[in-house]
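Visitor: I should like to take a close look at a single part of this protein. Please begin with one helix and its surroundings, and then place that helix in a wider setting.

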Amino acid sequence: MVHIERTPLSAIRRAAVYVNSGKKSLSEIVAEQQPDIAMTAAFYDPGRWKPVCPVKADGKVLFADPEYNYWAIAWDTGPDAAEVLVPPGGSCARTNYVANCLLVREGKPQPKLYYGADVSGRRGRVAVGLTDTEWITYGATDGSSGACTPEELRDYMARQGCRFAVMMDGGGKVNVYVKAAGVMMEGRDPSNTLILLWLNHEEEKPVSEKKTVVLDAGHDAGNLANKSPDGTYYEHEFALDMAKRIRAHLERCGVAVTETRPDGGAVSLAQRCAIANGIPGLDLFVSLHSNAAGGSGWSSAKGWSCYLYGSGGEREKAANAILAEVRAAGVTVRSAPIVYDPALYVLKHTTAPAVLIEHGFHTNQEDVANLKDGAWRAAVAAAEARGIVAYLGLAWVPEEPQKAPAEPAEPTEAELAEAWVQSAGVMAGYDDGEMHLDDPVTRRQLMLVAYRLAKLAGLV
Ligand SMILES: [Zn+2]
């Protein structure tokens, strides 16, 4: 079997290096991970079950060459895939990379290929290529018409218009899956690492006309760890309340809102990201939290801040729009209110622009007084919603002013008294049926009222 799959980079929702620690077969991995495309990655040492070419998976370097530079295909999310030169030691800013035998760079077939004698000859092969707009997956099984030497593979990938191409593992380790084409090339041997791609399926799920935002109320109901030292404030309750408040504002402005934890329950971090990643073209992911500092006691650190996976791009625009409104609302912000932290799980694993807001410190007495205060929450939720709406390029729809209640008001005590004195026969109305409440009372009338009350009380 031979197959070449050309995937627009823009159609890639997520790409990952799958580390096959369970030595699973391709079909087992496909069943478990549900990718759209899978392909074998680096050469490995079967005895040690370790890669022998530079590989980094989800921020973790699995193999680094101590001596040589390696050209690798690298990405943070997937659609950003590009070639990078990985230096000896393997340090590279990208979250994922796979290097193996370089075939094509800058559109030019490499004059000399570097590979061991054991992978020479004409056999089944896997290659990954990039054009300016596409990810190219090539697979051919042993004995097929596509079985070729590394040099033939290099020339083939160059003819496909690849700007960059790398030969991956081959022979018995040709493991290639392309869901849309019904391709399942399962090797005799499992692959130690594979590249998995998940695609956007816009044509299947119509993208909402509306702008979409996911609100992620941090932590789970019943989480007793994230609280103020005096136990009067719990972060999970605050986060859920803020999500509801922000949601009301966003929906009024025409935004489609999804909450990751819509009720008091518990939702794993992976599930929160899966909810966000399941919304095609999601515009923004906002995670809601309060911060902590020091040990279990009170601390001086205070103020609002916003965390991002890294600088630049849409997430930074969103963060700045929110920050501007929060400042305008007079909220105390930290001296460095935007913080970059690639370690935060929900920021790392969501494909949409993502921000995580720390609404002050629940370990600071002044901040906790605010965090517990309904009026403060209302003001901050409105400010953040304004920032989100501005970021989305929508118009702010003001809240309806409080209307007079439609139901009649409760009767006053005077009205109740008026009804009672008449029904009990203590004081009758005038002949015109009116009580003329503002008229003076004579001594005779007062006497009469006293007498009737005394009769009711059984005194006379
Ligand atoms: Zn938190």
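Which residue follows H5, and is its phi positive or negative?

Guide: H5 is followed by Gly330, and the phi of Gly330 is positive, near 80°. The model is predicted, so local features need pLDDT of at least 70 and side-chain atom pairs pLDDT 80 or more, while totals for chains, interfaces and linings use all residues. Residues are numbered from 1 along each chain as its sequence is written, and side-chain values use heavy atoms, without hydrogens and water.

Let us turn to the helix itself. Helices (H or I, at least four residues) and strands (E, at least two) are DSSP runs, numbered from the N terminus. The expected span of a helix is 1.5 Å times one less than its number of residues. H5 has 16 residues and should therefore span 22 Å; its end C-alpha atoms lie 23 Å apart, which agrees.

Seven positions of H5 deserve naming: Glu316, Ala318, Ala319, Ala321, Ile322, Leu323 and Val326 are its buried residues (buried means under 20% relative accessible area, exposed over 50%, partly exposed in between, with a 1.4 Å probe and protein chains only). They pack against strands E21 (284-291), E22 (304-308), E23 (333-340) and E24 (354-361), and against helix H8 (374-391) (contact means heavy atoms within 4.5 Å).

Glu316 carries a charge (Lys and Arg count as positive, Asp and Glu as negative; His and the chain ends are not counted). Glu316 is buried yet has no salt bridge, a term for a side-chain nitrogen of Lys or Arg within 4 Å of a carboxyl oxygen of Asp or Glu. Its nearest side chain of opposite charge, Arg315, is 6.5 Å away. The side chain of Glu316 instead has other polar partners: it reaches the backbone nitrogen of Gly312 at 2.6 Å and makes a polar contact with the side chain of Tyr340 at 2.7 Å. A polar contact is a pair of N or O atoms within 3.5 Å; within protein, one must be able to donate a hydrogen and the other to accept it, and residues adjacent in sequence count only if both atoms are side-chain atoms. Leaving aside residues up to four places away in sequence, Glu316 touches Leu308, Ser311, Ile338 and Tyr340.

Elsewhere, salt bridges do occur, and the count comes to 22. One of them joins the side chains of Lys302 and Glu366, at 2.8 Å from N to O. Lys302 lies in the loop between E21 and E22 and Glu366 in helix H7 (residues 365-371), so the pair ties together parts that are 64 residues apart in sequence. Lys302 is partly exposed, with a relative accessible area of 27%, whereas Glu366 is exposed, at 52%. Salt bridges that share partners also join Glu237, Asp241, Arg245 and Arg377 into one network.

Helix H1 (residues 26-33) may be set beside H5. Leu26, Ile29 and Val30 are buried in H1. Seen down the axis of H1, its buried residues fall within an arc of 100°, so they line one face of the helix (the arc is that of the directions from the helix axis to the C-beta atoms). Just after H1, Gln34 takes a positive phi of about 55°.
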